[in-house]
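Here are some exercises to work through with the model open in your viewer. Try each task before reading its solution.

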Amino acid sequence: MTAGKRKTAALDLQEISRQRQFCEKVKALLQTKYTQKPLAAVVTFGCQQNLADSEKIKGMLAEMGYGFTENRLEAQLIIFNTCAVREHAEARVFGNIGMLKAYKEENKDVVIACCGCMMQQEHIANKIKKSFPFVDLVFGTHVIHCLPQLLYSVLSEKKRVFETPDADGVIAEGVPVLHDSKTRAWLPIMYGCNNFCTYCIVPYVRGRERSRDKNVIIGEAKELVSMGCKEITLLGQNVNSYGKDLEPRVSFAQLLRELNEIDGDFRIRFMTSHPKDCTKELLQTMAGCGKVARHLHLPFQSGSNRVLKAMHRGYTREQYIELVNYARQLMGDDISITSDIIVGFPGETYEEFCETLSLVSEIKFSALFTFIYSPRKGTPAAEMPDLTPLDEKKKWFKELTDLQEKISDENMKKFRGKTFKSFVYGEGKLGAGYLAARTDGNLIIEFKGGRELIGTFQNIKATTPKTYVLVGEIESSD
């Protein structure tokens, strides 16, 4: 099929070639400075998109001649890739940066850098500049591909560099990627967001929606599968909007169908879906594609139509329920539905919060990601009157989590005795000798097994359901 052409062009490949030249310049400079390969520590906060960005950062650093360490106190370069979604995440970042002051004073040649969504906010970049003078480099979300040039300036000119341009964003293809896992991979399919939910900072720090070329995505997926990747997670602030800016337009459902046709034994996941753009075509595609996981993360945020309107979400409670019912009509008990909820949005009453509780009771989600509202400077919601005390919001929050815990406990009991084709992704948390696997429906199942099983699919029978995890045993190899 014909590849889609973006209305706004991707970054010129000559620019990526120019950045590769800076990689060589940095590498040469490091070779004159260090007798052993210098180490870099990349510390990531936030969402899966940040994790994917960090893999690009590591890919560029590897080309510049860096090795990697998780111990910041043995690194010659420390990069914090930051998240701006909630105040707690920002506080953690500032705390982590502050802890390096003494290390920097003792090791003048160490470079400390900050990037990501926090740095794209002017007031945050200014705070770093004034309050953390030992931070050498700050760069925003739109110039990650320029890291080689920016780092070269820091190393060669011995001066602080701040690069946080206010822009709609670009698509930079050809940036090297160093994947953290050989068997699981993040695959961004688009960047940015056009929704402007009143509480959310993402459109301001990530720019407008821009889709990657379909054939480039498929080519990367094929390469991942050929390298032994078993789980590919497609990423976007709103994956359902994929392709709207391409000519001819390509739907997300179409992309899924073409990825599903790639030869190999692997599983496709995706996140995050926005309910207002979740189409019946997408749900039908999920039901019809054997490699697409039966897991739909569909944030509803509030069960109150008034609050949803104040959030600028673009759908109603009734429309959300209709979507979930249609998904279950198509896929039955195979479909796992998870969601996000904000508790205590400005102006929300207890009665409106109870509408959220009733929706949770009706849908019976597999899992919820719940948050107390956190004001983000620069968003409309931050200017809305908020008269409910935090202590009251915490009580609501506990009501919600207690309800979901009961629902999760009931849901998990239904899986006793069932066998799941599960991807074994690492060591478990239940004790020595346990491995952790993920079912098609995104349930965690732990079992006793040898580490050689990590990175493989196994058929695992659930024997003991717990509230948030299944305990099982291998039934047979796939």
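**Exercise 1. Find which lysines lie over the face of Phe-94 and Phe-22, and at what distance from the ring centre.**

Solution. Start with Phe-94: Lys-127 lies over its face, 4.0 Å from the ring centre. Then go to Phe-22, where Lys-25 sits over the face at 4.7 Å from the ring centre. Keep in mind that this is a predicted model.

**Exercise 2. Classify the ring pair Tyr-199 and Phe-345, and say where its two members sit.**

Solution. Step one is the background: a pair of aromatic rings is described by the distance of the centres and the angle of the planes. A search of the whole structure turns up 17 aromatic pairs. For Tyr-199 and Phe-345, the centres are 6.4 Å apart and the planes make an angle of 85°. An angle over 60 degrees counts as edge-to-face, and that is the class of the pair Tyr-199 and Phe-345.

Step two is location. Tyr-199 is in the loop between β9 and α7, Phe-345 is in the loop between β15 and α13, and the two are 146 residues apart. Step three is burial: Tyr-199 is buried at 12% relative accessible area, and Phe-345 is buried at 1%.

**Exercise 3. Do the same for Phe-423 and Phe-457, then look for Arg-267 beside them.**

Solution. The ring centres of Phe-423 and Phe-457 are 5.6 Å apart with the planes at 65°, so this pair is edge-to-face. Phe-423 belongs to strand β17 and Phe-457 to strand β20, so the pair ties together parts 34 residues apart in sequence. Both phenylalanines are buried.

Now bring in Arg-267, which is in strand β13. Its contacts beyond four places in sequence include Phe-423, Phe-457 and Arg-438. A polar atom of the Arg-267 side chain lies 3.2 Å from the backbone oxygen of Arg-438. Is Arg-267 buried or exposed? Its relative accessible area is 5%, so Arg-267 is buried.

**Exercise 4. Find the largest cavity and the second largest pocket, and give their volumes.**

Solution. The idea first: rolling a probe the size of a water molecule over the atoms shows where empty space is left. The search finds three cavities of 30 Å³ or more. The largest cavity holds about 210 Å³. Its lining has 14 residues, and Lys-56, Thr-141, Ile-144, Val-170 and Tyr-191 are nearest its centre. Helix α2 gives the largest share of that lining, three residues.

The second largest pocket has a volume of about 600 Å³. It is lined by 29 residues, and those nearest its centre are Asp-333, Asp-334, Ile-335, Phe-415 and Gly-441. Helix α14 and strand β17 each supply at least two lining residues.

**Exercise 5. Check the backbone at Pro-248, Thr-272, Lys-158 and His-312.**

Solution. Most residues other than glycine have a negative phi, and most peptide bonds are trans. Take omega first. The bond joining Glu-247 and Pro-248 is cis, with omega about -5°; Pro-248 is in the loop between β12 and α9. From Met-271 to Thr-272 the bond is also cis, with omega near 5°, and Thr-272 falls in the loop between β13 and α10.

Then phi. Lys-158 has a positive phi of about 55° in the loop between α6 and β7, and is exposed at 60% relative accessible area. His-312 has phi near 65°, lies between α11 and α12, and counts as partly exposed at 47%.

Note on methods. Residues are numbered from 1 along each chain as its sequence is written. This is a predicted model: local features need pLDDT of at least 70, side-chain atom pairs count only at pLDDT 80 or more; totals for chains, interfaces and linings use all residues. Side-chain values use heavy atoms; hydrogens and water are left out. Helices (H or I, at least four residues) and strands (E, at least two) are DSSP runs, numbered from the N terminus. Buried means under 20% relative accessible area, exposed over 50%, partly exposed in between (1.4 Å probe, protein chains only). A polar contact is a pair of N or O atoms within 3.5 Å; within protein, one must be able to donate a hydrogen and the other to accept it, and residues adjacent in sequence count only if both atoms are side-chain atoms. Contact means heavy atoms within 4.5 Å. Rings of Phe, Tyr and Trp (its six-membered ring) pair if their centres lie within 6.5 Å; planes under 30 degrees apart count as stacked, over 60 as edge-to-face and the rest as tilted. A charge sits over a ring if NZ of Lys or CZ of Arg is within 6 Å of the ring centre and within 35 degrees of the ring normal. On a 1 Å grid over the protein atoms alone, a cavity is a set of points where a 1.4 Å probe fits but cannot get out, and a pocket is an open set with protein on both sides within 12 Å along at least five of seven lines; lining residues have an atom within 4 Å of a point. Grid points are joined across faces, edges and corners, and a volume is the space filled by probe spheres set on the points.
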